[in-house]
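This report describes one protein model for a reader who is new to structures. Please look at the sequence and the 3D view before reading on.

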Amino acid sequence: MTQSILEPQNVVAAGAATTRDEAIREAGALLVTAGAVKQEYVDSMFVRENSVSTYMGNFLAIPHGTNDAKESIVRSALSLVRYAEPIDWDGQPVKFAVGIAGLNNEHLEILSKIAIVFSDEDEVQKLIDAGSQDDIFALLEEVNAE
């Protein structure tokens, strides 16, 4: 049985961060705790962010590491942290930070699924309105489908 890319414990309904860097750290720490990446990967998320913003539109940012950090990925995984108050992400409002770690380009497929969900404003509103971690996970569980 392969592990799911997005697991319920990697979904946080009410993130604590108030800045971009805190949000990157929060999303990254979930990936570390899940055993998906080593701490070096989180460090590389900052390197990536400082060279190119991972803000995607519709309140979504997708912090992820650099290609050089691939050795610090143990397995593919996602984390999702929701923020009630938008975080200023290089001048853009972010309510969802989705941390991404992908082995063997597995994350590209995941990324496209996340992008599809977040390109639909009705779906984004459902995620904003979702009451709990479980509700958010249920809305996103399809990203795990093969």
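## Record and model

The UniProt record, an unreviewed entry, places the feature "domain: PTS EIIA type-2" at residues 4–143. UniProt positions are given in the numbering used here, feature names are shortened, and annotations may be inferred rather than shown by experiment. The end C-alpha atoms of residues 4–143 lie 9 Å apart, and the span is 41% helix and 25% strand. Helices (H or I, at least four residues) and strands (E, at least two) are DSSP runs, numbered from the N terminus.

The model is predicted: local features need pLDDT of at least 70, side-chain atom pairs count only at pLDDT 80 or more, and totals for chains, interfaces and linings use all residues. Residues are numbered from 1 along each chain as its sequence is written, and side-chain values use heavy atoms, with hydrogens and water left out.

The pLDDT is the predictor's confidence in each residue, from 0 to 100. Its average over the protein chain is 92, and 97% of the residues score at least 70. Confidence is highest in helix α1 (residues 20–33), at a mean of 98, and lowest in helix α3 (residues 106–118), at 84.

## Overall fold

The protein chain has five helices and five strands. Along the sequence they follow the pattern β-α-α-β-β-β-β-α-α-α. The radius of gyration is 14 Å, close to the 15 Å that the globule rule gives for 146 residues, so the protein chain is as compact as a globular protein of that length. This radius is taken over C-alpha atoms, and the globule rule is 2.2 Å times the number of residues to the power 0.38. The C-alpha atoms fill a box of roughly 40 × 35 × 25 Å, taken along the principal axes.

Of the 146 residues in the protein chain, 47% are buried. Buried means under 20% relative accessible area, exposed over 50%, and partly exposed in between (1.4 Å probe, protein chains only). A contact means heavy atoms within 4.5 Å. Among contacts with a separation of 6 or more, 66% are between residues 24 or more positions apart.

## Selected residues

The table lists five residues with their places and accessibility.

| Residue | Place | Relative accessibility | Class |
|---|---|---|---|
| A77 | strand β4 (residues 77–89) | 0% | buried |
| S44 | helix α2 (residues 39–51) | 7% | buried |
| N58 | loop between β2 (55–57) and β3 (60–61) | 26% | partly exposed |
| F59 | loop between β2 and β3 | 28% | partly exposed |
| D129 | helix α4 | 54% | exposed |

What does A77 touch, leaving aside its neighbours within four places in sequence? A77 is in contact with I5, L31, A36, G99, I100 and A101. A77 and L6 are 71 residues apart in sequence, yet their C-alpha atoms are 6.0 Å apart in space. For D129 and A27, which are 102 residues apart in sequence, the C-alpha to C-alpha distance is 20 Å.

With neighbours within four places again left aside, S44 is in contact with H64, G65, T66 and A69. A polar atom of the S44 side chain lies 3.2 Å from the backbone nitrogen of T66. A polar contact is a pair of N or O atoms within 3.5 Å; within protein, one must be able to donate a hydrogen and the other to accept it, and residues adjacent in sequence count only if both atoms are side-chain atoms.

In the loop between β2 and β3, N58 has a positive phi of about 50° although it is not a glycine. F59, also not a glycine, has a positive phi of about 70°.

## Helix α5

Which residues are buried in helix α5 (residues 133–140)? They are I136, F137 and L140. Seen down the axis of α5, the buried residues fall within an arc of 100°, so they line one face of the helix. The arc is that of the directions from the helix axis to the C-beta atoms. On the other side of α5, D134 and A138 are exposed.

The cover over the buried residues of α5 includes β1 (6–12), β4, α3 and α4 (121–129). At the start of α5, a side-chain oxygen of S132 comes to within 3.3 Å of the backbone nitrogen of D134.
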